[in-house]
Amino acid sequence: MRYADGPSVEYEVHVDAPPDAVWALVTDIELPTRFSPELRRVRWLDDATRPEVGARFEGYNRNPVLGEWRTVSRVTELVAPTTFAWAVLDPYRQFGADAADPTPLATWRFDLTPERGGVLLRLTARLGPGRSGLNLAIDRMPEREETIVAARLADLRNGMEQTLLGIKALAERTAG
């Protein structure tokens with residue numbers, strides 16, 4: 001798969017807890033830093049203190065291959081207690097985009113669906129269409145683009161699994 005195809009990855013898990021309890025966890029933007037192998041720190045921007053459409057937050061990431069970077073995300077969808085989505089932007093022009101370009105370098109979303117007395121929790125990420133750190137690697141080795149994209153999707157899926165299993169454990173411990 002090529003970057004221009006908008007590759008995506010998802011992970012889902014059943015959580016034996018009420019939807020509101022799971023919702024409170026997935027909308028806590030700092031919580032994934034406890035589980036994610038990449039996300040190190042998150043903070044709200046512009047005096048925001050909670051998710052709402054248009055609210056922005058800054059994330060600091062580290063990956064052994066891609067290095068360190070920071071991004072700004074903007075909440076694009078918020079429907080309690082079922083959907084929380086955001087677009088990741090590059091206002092710092094780390095990856096070669098124009099600073100005024102609002103094209104997301106990725107979009108992420110949590111979807112919660114009531115299921116068997118609990119919740120089916122799904123986390124999805126779609127790469128692109130804006131430039132990201134992945135493009136820097138592809139620029140250096142264009143003949144390896146499909147391998148690079150596949151490796152990145154595998155990394156993201158691993159981080160999603162760790163994050164969702166952490167959320168599951170917290171939610172079920174609280175509900176139990």
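Q: How are the strands of the sheet ordered, and in what sense do they pair?
A: Strands of a sheet pair through backbone hydrogen bonds, either parallel or antiparallel. In this predicted model, an open sheet of seven strands follows the order 1-7-6-5-4-3-2 with antiparallel pairing; strands (E, at least two residues) and helices (H or I, at least four) are DSSP runs numbered from the N terminus, and two strands count as paired if DSSP finds at least two bridges between them. Strand 1 (8-15) and strand 2 (39-44) each have a single partner strand, so one side of each is left without a neighbour in the sheet.

Q: What should I know about the numbering and the limits of the model?
A: Residues are numbered from 1 along each chain as its sequence is written, and side-chain values use heavy atoms, with hydrogens and water left out. Because the model is predicted, local features need pLDDT of at least 70 and side-chain atom pairs count only at pLDDT 80 or more, while totals for chains, interfaces and linings use all residues.

Q: How many bridges join strand 6 to strand 7, and which residue is the bridge partner of leucine 112?
A: Strand 6 and strand 7 run antiparallel and are joined by 10 bridges, with leucine 112 having leucine 121 in strand 7 as its bridge partner. Their hairpin has two residues between the strands, and arginine 116 there takes a positive phi near 45°.

Q: Which strands does helix 3 lie across?
A: Helix 3 (residues 145-175) lies across strand 1, strand 3, strand 4, strand 6 and strand 7, running at about 20° to strand 1; contact means heavy atoms within 4.5 Å, and such angles run from 0 to 180 degrees between N-to-C directions, with axes fitted to C-alpha atoms, for helices over the stretch in contact.

Q: Which residues have the most contacts inside the largest nonpolar core?
A: A nonpolar core is a set of buried Ala, Val, Leu, Ile, Met, Phe, Trp, Tyr and Cys residues joined through side-chain atoms within 4.5 Å, where buried means under 20% relative accessible area with a 1.4 Å probe, protein chains only. The largest one here has 45 residues, and Val22, Trp108, Phe110 and Leu121 have the most contacts inside it. Helix 3 gives the largest share of this core, nine residues. Leaving aside neighbours within four places in sequence, leucine 121 is in contact with residues including Val22, Phe110 and Leu164.

Note on methods. Buried means under 20% relative accessible area, exposed over 50%, partly exposed in between (1.4 Å probe, protein chains only).
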